[in-house]
Each structure stands twice: as structure tokens, then as C-alpha cells.
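Work through the exercises below with the model open. Each task is followed by a solution in steps.

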Number of protein chains: 4
Amino acid sequence: MSYNTFGREFRFTTWGESHGPALGVTVDGTPPGVALDEGYIQQFLDLRRPGTSKHTTQRREADQVRILSGIFEGRTTGTPIQLMIENTDQRSRDYGDIATSFRPGHADIAYHLKYGIRDYRGGGRSSARETAARVAAGGVAQAVLRHLLPDLAVTGYMVQMGALHLERARFDASAIPDNPFFLPDATAVQEWSDYLDAIRKDQNSVGAAIEVLIQGCPPGLGAPVYAKLDTDLAAAMMSINAVKGVEIGEGMGAAALTGTDNADEIRMGNDGPRFLSNHAGGILGGISTGQDIAVRFSVKPTSSITTPRRTINQQGQEIELITKGRHDPCVGIRAVPVAEAMAACVILDHLLMDRAQTGGLRGVIGPDS
Amino acid sequence: MSYNTFGREFRFTTWGESHGPALGVTVDGTPPGVALDEGYIQQFLDLRRPGTSKHTTQRREADQVRILSGIFEGRTTGTPIQLMIENTDQRSRDYGDIATSFRPGHADIAYHLKYGIRDYRGGGRSSARETAARVAAGGVAQAVLRHLLPDLAVTGYMVQMGALHLERARFDASAIPDNPFFLPDATAVQEWSDYLDAIRKDQNSVGAAIEVLIQGCPPGLGAPVYAKLDTDLAAAMMSINAVKGVEIGEGMGAAALTGTDNADEIRMGNDGPRFLSNHAGGILGGISTGQDIAVRFSVKPTSSITTPRRTINQQGQEIELITKGRHDPCVGIRAVPVAEAMAACVILDHLLMDRAQTGGLRGVIGPDS
Amino acid sequence: MSYNTFGREFRFTTWGESHGPALGVTVDGTPPGVALDEGYIQQFLDLRRPGTSKHTTQRREADQVRILSGIFEGRTTGTPIQLMIENTDQRSRDYGDIATSFRPGHADIAYHLKYGIRDYRGGGRSSARETAARVAAGGVAQAVLRHLLPDLAVTGYMVQMGALHLERARFDASAIPDNPFFLPDATAVQEWSDYLDAIRKDQNSVGAAIEVLIQGCPPGLGAPVYAKLDTDLAAAMMSINAVKGVEIGEGMGAAALTGTDNADEIRMGNDGPRFLSNHAGGILGGISTGQDIAVRFSVKPTSSITTPRRTINQQGQEIELITKGRHDPCVGIRAVPVAEAMAACVILDHLLMDRAQTGGLRGVIGPDS
Amino acid sequence: MSYNTFGREFRFTTWGESHGPALGVTVDGTPPGVALDEGYIQQFLDLRRPGTSKHTTQRREADQVRILSGIFEGRTTGTPIQLMIENTDQRSRDYGDIATSFRPGHADIAYHLKYGIRDYRGGGRSSARETAARVAAGGVAQAVLRHLLPDLAVTGYMVQMGALHLERARFDASAIPDNPFFLPDATAVQEWSDYLDAIRKDQNSVGAAIEVLIQGCPPGLGAPVYAKLDTDLAAAMMSINAVKGVEIGEGMGAAALTGTDNADEIRMGNDGPRFLSNHAGGILGGISTGQDIAVRFSVKPTSSITTPRRTINQQGQEIELITKGRHDPCVGIRAVPVAEAMAACVILDHLLMDRAQTGGLRGVIGPDS
């Protein structure tokens, strides 16, 4: 089984290490005839590129994507699309000092225990750099969705960073692109900026919570019982580095509700069922209902910090470790475009899955049913 | 792609509807030579069987499992194991009145929209009755784990029901089997019982939160990047009916932590690394570290309640609906043995996955490494 | 990975042993709304049922199929279809004498070496009885194909039995159902019957070659590079018990051809390309062209014969073995309906695969292209 | 489902077109710690490299492989291995004249019908050039097998080219590397060379048959029922461009045998069962027995020939076509290293599959069993 592959019908396999010559993704299952070029994919990569603000790692990576296959005369041919991103700013020397020691909270000890060998340069395969390949795959998914579901919109944003929470009343989607936090509230940007500056100057890092809103998703996507739409969205988000929790709709809060509160009552709208609330987050029995789909997840603080921590090395000696190098004080920020990419891939995957089984037929609600 | 199949190496496919003649599960990938009989599997099924207390549906089902294949002279042969449970108490008439209407918060509208046809008897395939087949598969997994990982223990329990929360200080695992709530605190059982009685008498239902603790899991299980152990555990729990959120370790709370708080510092113990805390929930980079693995999830309130709710029917008429029938006031209760079963299947699946790739080798930490 | 599962979109998992209580198949991925009942599936099972002529095993099995799930009010719901066939005539005693010895040419030594345990009763899982489950799955596939591709016809027949070959000039499809050999030549039936009588009286068995003709298959089915239509057909046939070779179109004979001979020249017909020959067997580059698809395969002679053969037993002692019991003198005969079933499953699988990726679009050939 | 992926545990995905910037393969599931470098893989690529003799296409390709990921300090890390081969000699102009016409016997019409778009340059994805990526993946498999099964040997050779057949009595494996035909008979090389020269000068091409012999394969590999070792070998070979037939052991000839002929009798050898013949080709019930495994397949003649053939173009006009460019007069020759690569991948895949399920246990034959 290919553990570096995501998806069923729309399937991508990521490859590459943080400090190897290149990383990339092999995308398979794309419908033929879809317009796609490097520029379209690049715009998504630029959203997660490091070094774009003082709030992200100062590592300089152009993250220029190259299409090596699967596109002919500007359109997909239905054959595998290979997307390659060369690593330019590797600075391996930064990492020499942790070659044989284990960062608390970091994957390197787990990789060592499992494989008996690890590429310690920049975390190797466990580096968040792998998510660049996901974003590239997400760009392909977005191009296909634009073709097949033009009304679909996938929007990610931060709702929490450490002690700071988004004020729902102030939600303004138009603000998201204009600040380094993907924050849907222009009035709070300064406060978030000052807060993260203080964290960084304190040699520390902080966690975050991100929400992805999927609007315009048609009903009927999702496959019971083990490929439910919410199951796949949860797996997609949990597979992102440092994610520790995932919620759909009410999420963990559903445990506190009663059945009368939780029931999303239904009336008839002009074009089908109209729900009076959305505790379900747009998914019932694992299948989309046509309501907005809301997915939320948490990202733990960056484990690589410059405050000394007690740990051990490969020889089993107890040491104190400071992780030098250029790390994000809040990795959650750059998880936003990654989550959008994963959500787009899941929706497209299920759209193609549904085409296979039902051929896209839909149950009718109305007098003629 | 088979959407009713769970797992990679240890793979099961569930089949059957709530009110068909039978339901069951086809289990494939089991190692040969493992002792297994119907009695062993039955003990797990008895834990989720309905009608065992006033707090669960009064539907009477013996849930007797029959092994139809894969076992010879009391041991697994390595061929598919077919487990069948006949439905005895179907009482389809209870459901006639909702044949063409949609229960708010229930999957029936989603099934209708997707497939254009649904078995409305007892929710058909979307019924929680499908989880009986999961528990049977979990019994097979437990038998194999007992054989391969005798020190492993998977323990599920409730940590929340509506407004009531488990008091961590009072945690007592020995209490779990002795009360109808799988509650690890004997002193709180009466309070939980009174609370749920009131909910039921109020024609209502309530949500819950369950935790599964996996102890004795060896390090090295989990496959980056898209089959991480936490990813698969999250998918397993989210695939259970009515689950809306999943957490590993700190879960959603990780968003509020700083890097210094979150770092699980490491010292050397007698038999390897010793972690001073467990914010990670036993998993780093998607791979188990040898610490206890903690998974938490929420279950929404039962959507079938006898308080009238506004909804529509298949003809698009706006109606008010009361769901008669015999429903759990808190479906979360019976989700506990289901979650244990899913967790056992995930651990076994990853144990076999790891055997395939690494052959079980492990990285050494110590002077000889 | 589930090794008892066949197919991608239309996927079935067979279970059960020759002498267990029952065997069956779990069919998943079926489109919803397709008319299906037990009688429809039974007609296919009756074609391979044992004991229907003196030329097949005298084991008496009703092979009555029961639908346990996935059908509601006579139509598929899109949920898993469980088909069960109970074993009625088991006569395990016939097999006691070979419990610890290995039949030359039979799978029992391989099962023992691999699993260290085997259900020796009637060959257990390696028995050709498993193919009854395939035929049941094929019945489901035929029902869906009748719904989606009404012009498709899958026809299997024998082309060779030992020294006897079908005379192509005498090919008459209408004769196939009317003789125990699925032979498309009524004039040769007596000769084939006498030949096989002699083989049986001689305590011997004989091999066979079967051809499956797929007519009315639309162009565009088949997925390069590793799910080519011919690749999947070859795998489907090779997975049938005792099959040793598979050919598409010219088959092994293609090695002797030149490019000028082999090129299937093309002219324009009224409704698209018209090929002047069909050396390719209807498949180019792994994709159907719209021509008839021709698949041929060989079946080795039954290994269970009553002529003594030298072999060993589990203790490593050298012995002479006679296999009593009721065996087909030519297992190839009953492989015909099995091959039809597998071919139908492959075509349906690819039809659904193609719906997923291309949505069924087709390239145009003509002035408007 | 990823249709450009081959294998279960050892899984590779090929990508790239004949005349794109590059092609390659993503290899996943490799055990960690295996010594591997570019030089080792290159030696396998050099065996199928074009332009090495007058008997293969004169297209000049260095086929230099680059390892982009998955190797650290000369050993596999267990993460995906990306192997890239840049296309250097593309000469697209050669193909301009067939951009809108269809070569008889070639895949281009099937691709057009399926996808509605095709990369016509050199056949795009359907070009035999894709097999270079398979050979690179096979190099990885060979490195792992050398590590895990040092006694295994996979040897491919030609047994037929058009009218010429290998004389079995003259079989000499040592001759294979020393002639352009991979022919195990030095005395016949001149005759084969003259024969193919005549074919080429005649503006024609010719078919071939190749055999792959797998020696030293342990018993117990192969997974009933739908991942039999022979099923997977058949699929592997049939997936190679232009293959029309596959045989295991007696192959199609088994149809002519009787049970007494076909039974491979067994005696006890020093280290286990000793078979007195090998009609089965080393596989019983889909599982290896420890005997040599023999796989044979046919390759049809190159469809691109310079003799004019009748065909049509995209506009539906009837034309006569000559395929210029540089084509192999016998593509079968270069299929030999490709078949070796595929066979090595299948054996490794099954070795890892078996480790997962049985952990490598083996049934004992002898007094202690």
C-alpha cells in the first residue's frame, strides 16, 4: 500500500525531502481537457511560500513549480501530471547539530525508532515542506473543480492563535488575502501581529486553529460507510503536520447539545430543501446536503524553538537542546493554504467517486418524486 | 473503490441493513493460526447489544454472531472470515410513517438525494446497527492482537454526556464494566443515570464525548504521510455514526499552547526514552512513540426524538414530524465498544503494515546505536 | 490489502470454503436503482451447478443463492449486496484420507507451506467451489450492464478439450446452451462426449481451452498504463482455478506475425471507424476500440484423479496417492460460466472507472472534430 | 483509483510522455536501510536503452536516471524514491505528419476515442518509452531483493522472433548478455540477425516471444484468490506495450494434457519437497512452491512501419499512411529487460505482502510437523 498517496479517484503521491534536490507530486485521475498551466498552480504555492512576512520562517524558497507531464497544449490529457519544485535554499549546516539528537515534540525520534535511519536535514520527509507538494496538487484540483463545479468556493482562515480568537461578529472574508494571518477581520490584524512578535522574541512558538468553509458543494457527495465525506475531510486535515484535532459543524461541542437543539429543521426553498440551522456542518450520514461545509482543526505550536528543552540523543545521553535554524513561530499560519488544498482534493475526489457509482443522478424532492 | 471497506492489511467490509434478514462483516488479511471462536467475538458484541439497560433502545436483538468461513479447527486459516448476525426484532411497522419524510439531523434526506432510493426501514444502511458488524470485526482484531501484542490494552469510556463531565481526579478504570455508561467513576453513576432519565422523559436526547486509551502500543506504528496513525484513528472514529469531532492528545486545545508548554521533554528510562509529559497523545509525525495513545471524540445527540420538529417530505411538503420507535436517548453510550473495536482494528492494521515495510526492525537508542 | 477482493469501482469479495457451512460474495459499488432479484442471479449459478450431466462432478449442490442485503423493493440501493450460498452436500468423509497428504498438481501443498494450516476438506478455499461466488457476483454485473449497456453481450464457449478442437467454420453460437460442453457446434457434441467418457473411464482427466467473446463493448474502456482492459481481463481469467495461459486477439500467435499482417487497417463506417481485421482482439493500448473483444484461456486437467501418483505427506513420507471423491474429468467445462462472469465484472468495472475520470465523454472522429 | 500505479506493498507510479521534458517513476513502500545508488539502477536502464544496436530504434537517448528523493547517505530511508529520466532526443518534427491521423494497430485512435485529446508526439503516454520508468523501478526492486532474497535470480530471454524459435537443447544462459537479442544460444545469433535485417529492409516489423525464468523463489509467495502470484505475473506482463498473450508453465498447452501427464509428482529432497516435473511453472493455487517459475509472453510486431497502410484521420477521411520516424523492427527485443523488471517487482511485492499477513512463517513438512 502506498502510504504517500492521498485520494481514491483523484489521487496524488507526494515525494521529496526538505533538503533533497527537489520535491514534488504525481497527480493521477485528472479528467482530460481541463485548462491548466504552471502560472495557475503557482498562485496557490505563493500563498504558502516561506519568507513572505516576518511571521514566517526566513528560509528563502522560490517554490517555482514545473509541470513535467500530463499537460499538452495547455490542457490535461488524463495522464499523470508530475509537478516538481526544486529546493534552492537548503543551508544544511543549520541542521548538523541535531543530526543525532531528538527535538522534543518533533517527529525525528519517531522516524528513528520506526526506520532505523532518517534524513535529519531539515526534518527530511517529516518537514512541513512536504505540504508544498500538497498545495501544488490542490492547484490541479482547483482547476478541475473550476471546470466541473464553477460555483464551488473553498475558503480557509485562522480562527485562533494561542490566546487570541476570531470574533465571529467581525467576520469579513474580504480581509483574508490582505494580512499575513489569513484573518477574516482587518481590525484585529495589529493585535495578532503584536502578539506573535512577543511570542517570537520570547524564543517561543504558539498553536492555532484554522477553519475551512466549503460553499456551493452539491448534495450527494460522500460515500457511506468508510468513505464518508466528513471522514475523508477529517483524515485530510489530520494528515497535515502538527494537527491534533478536527471538527465538523458543532464538532466537540456536539457532546453538550440536546436533540432538540441539534436538529437542523427543514423547510422548502425555491430550489430544494432549506435548512434553518447548520449544526451538522453540511454533512449528514457522511453525505453532503448542499449546506455550507465547515471544517475546523487545531495546529500545535512549532516544536523547534530556541528555548532550551531537556531531551536525549541517539546514544541515549540526556542533553539540553536548543533548535537553531529558521522556524515559523506559528506553523498554523501556513497551514491555511494547505488545508484549502486538501479540502479541494477531497471534494473533487468525491465528485469523481460519485460519478462512478451514481453517474450523477440525484433524488428528487417535490411533487414529481 | 469499495466504500464499505475499512483498513489496508487487516481489512473488513461490512454489509447489511437495519431491517434486512441479516448483517455482517467480511474480514480479510488475518494472520493464520490464531485461536478464534464465536464465543470470543460474542463477548464484544454483548457490550454494545441494545436493550441491556433502560438507557439504551428497547429494541431486542440477541446479536448472535455466526462464523461462516475462515476458521478451521478453532484457528484462523488466513482466508476471509465471514461473520453474520441475523436481525430478529425488526418491527418494520414502527418505521412506516417516516417512509417518505425526512427526520431533521438524520441521514435519510442525504441518502435520498444521493441514491434516489433508500431502505427507510430503521434507517437502512445508515442505522447505527451497522456498528454491530464493526464490533464483530474488532473481536477478530482483538484475538490477533492478543496473539501478537499481548501487552496491548484498548480501553474506551465516556468522559462527557451533555452537561456532565468525567472528573479526571476520580478516574477509576475498574468501574467501567460495572455501569451502563462505561463511566470510569462509580461515584458519579447515579447522577448520570438521573440526568439521562430526565432527558428521556423530556422526549429529548443528548450528546456525549468518549475517550479511547491505547496502552502498550509499541513505537514505530504509523506510516507517513497519508497513513499516519493519528490520521487513521481520526478517520476510524469520524466514520462512526453521529461523530462530529476527533482529538489526539491535546486535541483542539493545542491551539492555545506555546511551544515550551507543548514540548514533551525526554529523559532516558531503563528500556528506552521516557517522556515527561504526553501532550502529543503518544504520536509524533504520525508514528507511535511508545507512550499511551489517547483519542477523544464527540457524538451528537440522537436525531430521532419524540419532540415534534419542522421538516419536509419527499413530495416537498412542509410538515411536523415526531419520530416514534425505540431510540437511544444517548447514542454515545453504545459508541464506546464500537470505538474500542475501531481502535483495535487500526492498531492491528498498522502492525501488519509495518511488518510489510520494515519487517519489524526498530531503531536503536543507546551506546550501540 | 484485501486479497480476496476483485475490481476497482465494481468490487466483490468472495468468502467461504468448499465444506464450510456456506460461501458467498460481498458486492460493492453497484449503481442504485437497478432491478435485481434472486431469480436473475440464480440462472447464472445454474449454468455452473455441479451434477447437471455425467461430465461434471456428481456432487449434488442446489447452489441456491440468497440476497441478504443491498436490495430494497426489487432494486439495488447502492449499498453492499451480500449473496450467500449454503453448502448442502459436503460429505467430508470423502476427504479424510488426504488430510495429511498432498495431491500432485493440487494447491494443498502450497497452502500448507504458506499458512502452516489448511482446511483440507474438499480443498477448502482453493476449491473450484469458490467460483460459485464469482458467478453470483457476475449476475449482479450482468444486471447492471443490462441497465447501462443493453447492447453488450458476453458469450463463453469451449474451443478445445484435450485433443479435440472447435472447427471455426462450424461456429454456431445458438448451439452453446444446448450441450453440456458449451460447444458452439452441435455436430461435434457426440464426439466430445465419447472422448470425455473414455478419459473418465481411464481414471484420468483432461485440459481445455475456453474463449470469451465480448460484443457491443463501447470504445474508450480501459485505463493505461496498469489498468489496461486487456491487463484486467488477463488477470481475471488467470485468477480462475487451474488456468495456465491467457490470450487477447492473436495471443501467443502474434509472435509469428509481421507488422503488415498484424496491422488492422481502418476505413470509415456509417457510425465511426470500421476495422478491416481484428488481430488486436478489440483492444489497442489497453483501451477498447469498439471491435469485438476476444479472450482465450487454457485450463489444466483436474489434478484429483483416481490413477495412483507418487507424492509425499505432511510427515515427509513418500507415498502413492489415489484421490477418491467426485471430481470433474474436465474442470474446463464449468469454467465457461465463471469466465463469462469475470468478463462481465471487468467490463462493468471499467465502465464505472471511465465514468469517474472522463464522465463518459468520447473523442469525435469526423468533419466536426 | 490511480491507474498509473503498479503493485500493492511495493508500489510504483510511472509518469511522463515520450516527448515531454522528462519521464520517471515514484517508488513507494521500499524497506529502509537498503544500499542503493544511481549507478546500480543505471545498469538496468542501459539494457533497454535505444540505439545500442542496428536492431533497435536509432533514437539516441542517454536514459540517465537521477534519484531525487528517498535515498540518504547511500541507503533507502523508507520514504518515496523519485527517479527521473530527462528526454534529450525528442525530434518532434518526425511526428508532425501523424498528428491527426491514426496508425493501424497503434493506440492513438483508442486514446483519441477515450480522452478526446492526445499527445501525438511519439505516441505520448502510450509510447514504449514509458517502460524506461518500469526498468528504473525494477532496479529498486532488484536492490531490495538482493538484500532480502540473495539467492533469487530473474532471467529474461527471447524464445521466438517471427519464424525463428529458440532451440531448447541449445539453451545457454551465459550467451544472453553477449548478443542484441537476449538470445540464450550464441550459435543462432547470426541467423536471427540476418532474419531481422531482412524484415527491416522489407519496411516491415515482426513479433516475438519472451520467457522470464525466476529461480530461487521461496515457497509461499502468492495470495489467493485475486492476488495469486501467477495472476499478478500475468497482469504485469500483459501491461507491457504490445503484449497479446501470457503463459505460466505449460501455458496454453495445458489444454491438450491429461491429468496423469500434468501431475508434477513429488518425492522428498534433502531440504523439502522435490518435484519430478514442472508443468505447473512453479505455482500451485496461485502460491509459489519453491520450483522455478516460468512465465512466457508474446509481443506483437511494431505497428509503426514504413509500408503504406489504409487508415483514417481525425476528420474521418480515408487515407494511406506511412509511419516515418525511428522504430524498432522488433519491439520484443527491448521488452526483455522490461519483463525482468516487472517480474522482480511482482516477487518483491508478494514477499512484502507475505510478511504482512504471515510474518514469514512457513508450514513444516517432515517428522516434526
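The exercises deal with two interfaces of chain B.

This is a predicted model, in which local features need pLDDT of at least 70 and side-chain atom pairs count only at pLDDT 80 or more, while totals for chains, interfaces and linings use all residues. Residues are numbered from 1 along each chain, chains are lettered from A in the order in which they are written, and side-chain values use heavy atoms, without hydrogens and water.

**Exercise 1.** Describe the interface of chain B and chain A.

Step 1. Count the residues in contact (heavy atoms within 4.5 Å): 117 residues from chain B and 117 residues from chain A take part.

Step 2. Find the buried area, which is the accessible area (1.4 Å probe) that two parts lose on being put together, summed over both. For chain B and chain A it is about 9,400 Å², with 60% on carbon and sulfur atoms. B:Tyr3, B:Lys114 and B:Tyr226 supply 10% of the area that chain B buries here, more than any other three residues.

Step 3. Look for salt bridges (a side-chain nitrogen of Lys or Arg within 4 Å of a carboxyl oxygen of Asp or Glu). The rule finds eight across this interface. One of the pairs is B:Asp354 with A:Lys114, whose closest N and O atoms are 2.6 Å apart.

**Exercise 2.** Repeat the steps for chain B and chain C.

Step 1. Here 40 residues of chain B are in contact with 40 residues of chain C.

Step 2. The buried area is about 3,300 Å², and carbon and sulfur atoms give 59% of it.

Step 3. The rule finds zero salt bridges between chain B and chain C.
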